[in-house]
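User: Hi! I am new to protein structures, and I would like to learn how to read one. Could you walk me through it?

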Amino acid sequence: MTEQTQVHAAPAGPVFWPKPTDTNPKLRVGFFGLTGCAGCQLSVLFNEDEILRLVEIIDVTAFPFVRERNIERDFDFLFVEGLVASRNDLETLQKLRERTKVLVALGACAHTGCVPAYRNFTLKENYEHLLYVKDRGIEDINPSPVDDYVKIDHTIPGCPPDKREILSFITDIVGGNKPKTFNNPVCIECRRNNNACLLESGKPCLGPVTRGGCNAVCVNGGFECWGCRGLTDDANVPAMVKLLEEKGYSKEFIRDRMRMFAGLKMPAEVEIIFRAANNKP
Amino acid sequence: MTAAYSMNRANLNPFLSAIAGDFELIAPVRTDIVRFEAVSDPAKICLDEQPFFPLKEFFFRKHEVILKFDGKRFTAPLKKAPKRVFFGVRRCDLNGVLHQDMVFSSGVADPYYAAQREDSLLIGFHCNEAPSEHCFCGSLDLKDFHDLMFFDRGEAYLVQVGSGKGAAFLKKFKKFFTASDYAVTDEDRFIEGVDKLKVKDISGVYDNPGWKPMVDACLSCGACTTLCPTCYCFELREVPSLQDESSERVREWSSCQLKEFTKVSGGFVYRESREDRFKHRIFHQLDYFKEKNGVNLCVGCGRCITGCPTRIDFVTGINEMKA
């Protein structure tokens, strides 16, 4: 086994989800950011009404985004925002993984690579001149989601994640429960909110194949779903692509739209649908 | 109750205004689409189209806290709906209410449903022609189920009384009506071209290969079940409080089209394949429910087709299977 595979390997056996105990009543929780816009960490803080209660029931040992002094070890739970885009990101991530029992990917960048990973779909000459490497000496790696390098135990998807989902995750772990992942499409919540279907008005809404849990927030505001929470486990992508093509969208358009947020986590069989489009210049 | 009345066309809006003065009036209104909403100005009511969403959300709530736990004791927060009058409800939707009554009010009655349903009065509006291209109510054995039913007869409305509650209500507003000795016949109830589903017993087509194109087009998005006036499946969740020991038990609409729907403890999913889920809905609507209750659950409103993103027309699909 090479050194590298050792670092990347998942811990053996089932994941042990820590629970508060009499001797250790407060879970030790950290929040970290890799390369990203910090919007997901802000989503944690947007729970303004609950944040004081939150720091009462869990021990937030590290949150460098808002705190100067941090204890960067022995995490029961660690939330990681952003994706790996530099050597420094990778080293931080690997170090943190070793010090964490349950690692939670917070937000779309950590989950799928999201917008920053879009670079993978274009030629180097298109972005090379924009890299910080020259000015700052940052060692650049191809942007990729967190689970390309370390094992993820839970994902809170979304760009940004729903602040209430972060809250209910913490409520669950404090109560000793394992949080549930929402695996229903956006349409479920959207129709429940009595929204008129945007597909009916010809918009390229990705709601039917996108994991919900966001309460269809975009469609509630009249804006079609771009799939920021990634595909559901049950997504019927061929039918979705066919539907959008019937509505007049090209395969290239559909591919680009679907890649925007779910890009690097698009299943191989889905990329095959787009192969015809890929071959075009 | 077969008593019939007639109402001069010019009397309709004053009648509805009078209702809105005394009750909460809910009727189809055109906003971005046509939907049932509380309305005070009858001029806003739209009777030309089938409302996109059915009536069921007013009785079977989408999201409801059914139990509260304060750390020591449970309480059931029963909130009674105000007195509501529903106007402009089509025969299919009325039967949808009837079928949901069968589910929630027979045997051990569901108190949450009852609290919403009790003080409601249903005024139907009969279709002269099918309001949607996918209507197939004529293929189903629908019943007269209304407190009052309006038939549009040009100059005047023919009004059929369907219950004691309806008769009492009509008496209260009698100045708008004229008594008539006319009896409503099957001819009045006839709507042309809605006998679309030709197969009356679908039990034999479960394994037919004709399902495949429909299943392939299915996105499993749950639009069909959400828009269905009769689908009544729900899920229960515990929502613990962050602040203290308290907790709430929430009931929310669910859908048999979702993989999560049949997931049980340990992660096993009973209806894993899209095909099983798709067929389950159709067979529950047109076969299983009838076996148990003597009547099809489906009322033929066609919303599961009009509201389906990929327009899966299972009515045509089933017809073609037998042919």
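Analyst: Happily; we will go from whole chains to a helix or two and then to single residues. Keep in mind that this is a predicted model.

User: Let's begin with the building blocks. How many helices and strands does chain A have, and how many are there in chain B?

Analyst: Chain A has 14 helices and seven strands. In chain B you will find 10 helices and 12 strands.

User: How do I read the radius of gyration of chain A?

Analyst: The idea is to set the value beside what a globule rule gives for that chain length. For the 281 residues of chain A the rule gives 19 Å, and the chain has 20 Å, so chain A is as compact as a globular protein of that length. Chain B has 323 residues, for which a compact globule would have a radius of gyration near 20 Å; its value of 21 Å agrees.

User: What box do the C-alpha atoms of each chain fill?

Analyst: Taken along the principal axes, the box is roughly 60 × 50 × 35 Å for chain A. For chain B it is roughly 65 × 60 × 40 Å.

User: What share of the residues is buried in each chain?

Analyst: A residue counts as buried when its relative accessible area is under 20%. In chain A, 50% of the 281 residues are buried. In chain B, buried residues make up 53% of the 323 residues.

User: And what can I learn from contacts between residues that are 24 or more positions apart?

Analyst: They show how parts of the chain that are separated in the sequence meet in the fold. Among contacts with a separation of 6 or more, residues 24 or more positions apart account for 72% in chain A. In chain B the share is 72% as well.

User: What about the surface and the charges?

Analyst: Chain A has an accessible surface of about 13700 Å², and 52% of it belongs to carbon and sulfur atoms. Chain B exposes about 14900 Å², with carbon and sulfur atoms supplying 52%. As for charges, chain A has 35 positive and 37 negative side chains, and the centres of the two sets lie 2 Å apart. Chain B has 44 positive and 45 negative side chains, with 3 Å between the centres of the sets.

User: Now a single helix, please. Which residues of α4 in chain B are buried?

Analyst: First the general idea: an α-helix has 3.6 residues a turn, so residues three or four places apart point the same way. In α4 of chain B, residues 164-172, the buried ones are Gly166(B), Phe169(B) and Leu170(B). Seen down the axis of α4(B), these buried residues fall within an arc of 100°, so they line one face of the helix. Their cover includes strands such as β1 (4-8) and β6 (84-89), along with helix α1 (12-22), of chain B.

User: What covers the buried residues of α11 in chain A?

Analyst: The buried residues of α11(A), a helix spanning residues 237-246, include Val237(A), Met240(A) and Leu244(A). Their cover includes α12 (251-262) and α13 (268-273) of chain A, together with α6 (212-217) of chain B. Also in α11 of chain A is Glu246(A), which is exposed, with a relative accessible area of 58%. After α11(A) comes Gly248(A), with a positive phi near 100°.

User: Which residues other than glycine have a positive phi?

Analyst: Here are two examples. Asn215(A) has a phi near 60° and sits in the loop between α9 (186-192) and α10 (217-220) of chain A. Asn215(A) is partly exposed, at 30% relative accessible area. Ser220(B) has a positive phi of about 50° and lies in the loop between α6 and α7 (223-227) of chain B. With 3% relative accessibility, Ser220(B) counts as buried.

User: Where does Pro160(A) lie, and what is the peptide bond before it?

Analyst: Pro160(A) is in the loop between β7 (154-156) and α8 (163-174) of chain A. The peptide bond from Cys159(A) to Pro160(A) is cis, with omega near -5°.

User: One last case: is Glu129(B) buried or exposed?

Analyst: Glu129(B) counts as exposed, at 62% relative accessibility. Its place is the loop between β7 and β8 of chain B. The C-alpha atoms of Glu129(B) and Ile191(B) are separated by 5.5 Å, although the two residues are 62 apart along the chain.

Methods. Residues numbered from 1 in each chain as written. Chains lettered and ligands numbered in written order. Predicted model: local features only at pLDDT ≥ 70, side-chain atom pairs only at ≥ 80, totals over all residues. Heavy atoms only, no water. Helix = DSSP H or I, 4+ residues; strand = E, 2+ residues; numbered from the N terminus. Rg over C-alpha atoms; globule rule 2.2 N^0.38 Å. Buried < 20%, exposed > 50% of the residue type's maximum accessible area, 1.4 Å probe, protein only. Contact = heavy atoms within 4.5 Å. Areas by Shrake-Rupley, 256 points an atom, 1.4 Å probe, with all protein chains shown as cover. Lys, Arg positive; Asp, Glu negative; His and termini not counted. Charge placed at Lys NZ, Arg CZ, Asp CG, Glu CD. Arc of directions from axis to C-beta.
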